[in-house]
Amino acid sequence: MDGEGSREISKPQESKRPLVPYPYIPGKYGLNLYEKEAHFRKGRIETGSGRKVMADMAQRGNSASIKIYDEDEPGFTMQAEIHGETASADIYTRKQTGERHPDFFARNFLAFALNHFKNEGYPVKRFEARWTASEGDVWRSDNFDEYWELRRNGLQPEEAAKLTWTGKTLFDLGFPEIEALKEAGNEIIAYFKKPGQTPLSE
């Protein structure tokens, strides 16, 4: 998940609709998510830059998802899912070349997604983060690199996970604790949870 280039945002606000402030300045940057109604499910959304961006919000049983992507460059993607009470996300706002999408902001999207799930009746109690090595790929995991740099500097696994972009962002959004963490070769899996939350069954 790519957190580079994100902007500050407050924690999810109480609302009858899945509305969390998201940058949007017509003619410049951002996405017009502010006026999206709860019944919105799929279609093109307004962008500040004028690029063509689609949004798809789905629900089925105990699962829900949000996917926002650039029609011309679908590698630029922000998506989040929840299954039961566990959420996850894959967010790519910047290529390894340094090129950034003018309308995609990782931190803001994550706050929007968590609040959207809550308002649609899917409260998030923990967050599953998966960071994978992808050598030579256009879309690399910044968190994977950050984590191992911190580990090489002597930090323990949980300390390192909390200091990645995802760890710091989830701390601000109310998930400061780590329930479980696994280093599995070229993949790291960490579960962040709210304070006092009892462990959830797999």
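These legends describe close-up views of a predicted model.

**View 1. Confidence along the protein chain of the predicted model.** The protein chain has a mean pLDDT of 85. Of its residues, 82% reach 70 or more. Residues 2-19 have pLDDT under 50 throughout. For residues 2-19, the model has 56 contacts beyond four places in sequence.

**View 2. Crossing of helix α1 with helix α4.** Helix α1 spans residues 106-119 and helix α4 spans residues 165-172. Their axes come within 11 Å and cross at roughly 45 degrees. An angle of roughly 45 degrees lies outside the ranges for roughly parallel (under 35 degrees), roughly perpendicular (65 to 115) and roughly antiparallel (over 145), so α1 and α4 are oblique to each other. The crossing of the two helices is right-handed.

**View 3. Residues in the contact of α1 with α4.** From α1, the contact is made by Ala-106, Arg-107 and Leu-110. From α4, the residues that take part are Trp-165, Thr-169, Leu-170 and Asp-172. By class, the contact has four nonpolar, one polar and two charged residues. The nonpolar class includes Ala-106, Leu-110, Trp-165 and Leu-170. Thr-169 counts as polar, and Arg-107 and Asp-172 count as charged.

**View 4. Asn-143 in helix α2.** Helix α2 covers residues 142-152, and Asn-143 has its place there. Asn-143 counts as buried because its relative accessibility is 0%, and the cut-off for buried is under 20%. Thr-164 is 21 residues from Asn-143 in sequence. In space, Asn-143 and Thr-164 are 5.7 Å apart, C-alpha to C-alpha.

Key
Residues numbered from 1 in each chain as written. Predicted model: local features only at pLDDT ≥ 70, side-chain atom pairs only at ≥ 80, totals over all residues. Heavy atoms only, no water. Axes fitted to C-alpha atoms, helices over the stretch in contact; angles between N-to-C directions. Helix = DSSP H or I, 4+ residues; strand = E, 2+ residues; numbered from the N terminus. Left-handed = near helix turned anticlockwise from the far one by under 90°. Contact = heavy atoms within 4.5 Å. pLDDT = per-residue confidence, 0-100. Buried < 20%, exposed > 50% of the residue type's maximum accessible area, 1.4 Å probe, protein only.
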